[in-house]
Amino acid sequence: MHVTMMDGTVYIPLATRGVLSVSGPDARSFLQGMVSNDMEKVDSATAIYAGLLSPQGKFLHDFFIAMDGDAFLLDCERDRMGELARRLTMFRLRAKADIADRSEEFSVMAVVGAGTVETLGLAPERGRARPFGGGIAFVDPRLADLGARTILPADTAVSSFREAGLEEGDLAAYEKLRLSLGIPDGSRDIVVDRAFLLESNFEELHGVDFTKGCYVGQENTSRQKYRGTVRKRLLPVRVDGPLPEPGTPVLMGEKEVGTIRSGFDGQAMALLRLEYVDEAKSSGTALKAGEATVTPVPPAWAS
């Protein structure tokens, strides 16, 4: 039986997610030179959110990194996992690091509801992790309000949740929660090889570290932060009218000021030019996308 999140704490299978492992004596140092966050933070009690960039500092992939024994597990987009593995392999060079697809072995699930951290035995802070059900559970490193995630053995994941007293929840309800909080969902919201981390809220969502040193794309990311050159932002919007398809232009009058990304049930994410968001608000001008009116709703974590 599927239950909604209003019925209590539930687990929700995330079938669009896959798992890569990076292991070996050089795994940590190899990833440290590749990803946007600090690998020194990752241990059995802490998971992180991070991105992989092009040398020009443009978004290619995002993922969560948790530690399972001596291996780092990357919770990533399943459909794009092959490309992620190829890119990591290309940069591995002489590093003693093994990269493996473990998606058949592990399942990724979200756990949400008021009793999430208590049920999983987690500390309530974002990124806090612990072994659970033969795998690992961790509070979402982006925002604790989004609940927790688990990477568990695929053949026993459901029984582990049942033993913890949880039932399966509704993916649609999880999508509504994500959108209400203004949290992007990988390449559904962040345009591959075009978007930059700071316009995609990576700093606010704790996916980039500005003190860790060099990684691929670091120079441009740091320059944007310290020069204050971010002109666009990925923002949640309320949709009044038919939900626009992803890629639909957002218009202020005749002027294109952004594009719609993912959406569901009256909510969406949109990449918007900040100067026009401010102008529309001050002038009372409606933003339109297709036949709908869209209204930016800045999330509480962005204030």
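**Sheet and pocket in the predicted model**

Strand β2 is paired with strand β5 (residues 71-77) through six bridges, in the antiparallel sense. The structure described here is a predicted model. Within the β2-β5 pair, Leu20 has Leu74 of β5 as its bridge partner. Both strands belong to an open sheet of five strands, ordered β3-β4-β5-β2-β6, in which the pairing is antiparallel. The edges are formed by β3 (48-53) and β6 (98-101); each has a single partner strand, so one side of each lacks a neighbour in the sheet. On average, and with direction ignored, neighbouring strands of this sheet are turned by 30° against each other.

Ser21 is also located in β2, which spans residues 17-23. With a relative accessibility of 4%, Ser21 is classed as buried, because buried residues are those under 20%. When neighbours within four places in sequence are set aside, the contacts of Ser21 are Phe72, Leu73, Asp98, Ile99, Ala100 and Arg102.

The largest pocket encloses about 470 Å³ of space. Its lining comprises 23 residues, and those nearest the centre of the pocket are Thr16, Arg17, Glu175, Asp185 and Arg188. At least two lining residues are supplied by each of β4 (59-68) and α5 (171-181). Helix α5 provides the largest share of the lining, with four residues. By residue class, the lining of the largest pocket consists of 11 charged, nine nonpolar and three polar residues.

Technical notes:
Residues numbered from 1 in each chain as written. Predicted model: local features only at pLDDT ≥ 70, side-chain atom pairs only at ≥ 80, totals over all residues. Heavy atoms only, no water. Buried < 20%, exposed > 50% of the residue type's maximum accessible area, 1.4 Å probe, protein only. Contact = heavy atoms within 4.5 Å. Pairing = 2+ DSSP bridges. Axes fitted to C-alpha atoms, helices over the stretch in contact; angles between N-to-C directions. 1 Å grid on protein atoms, 1.4 Å probe; cavity = no way out; pocket = protein on both sides within 12 Å on 5 of 7 lines; lining within 4 Å. Points joined across faces, edges and corners; volume = space filled by probe spheres on them. Nonpolar A, V, L, I, M, F, W, Y, C, P; charged D, E, K, R; others polar.
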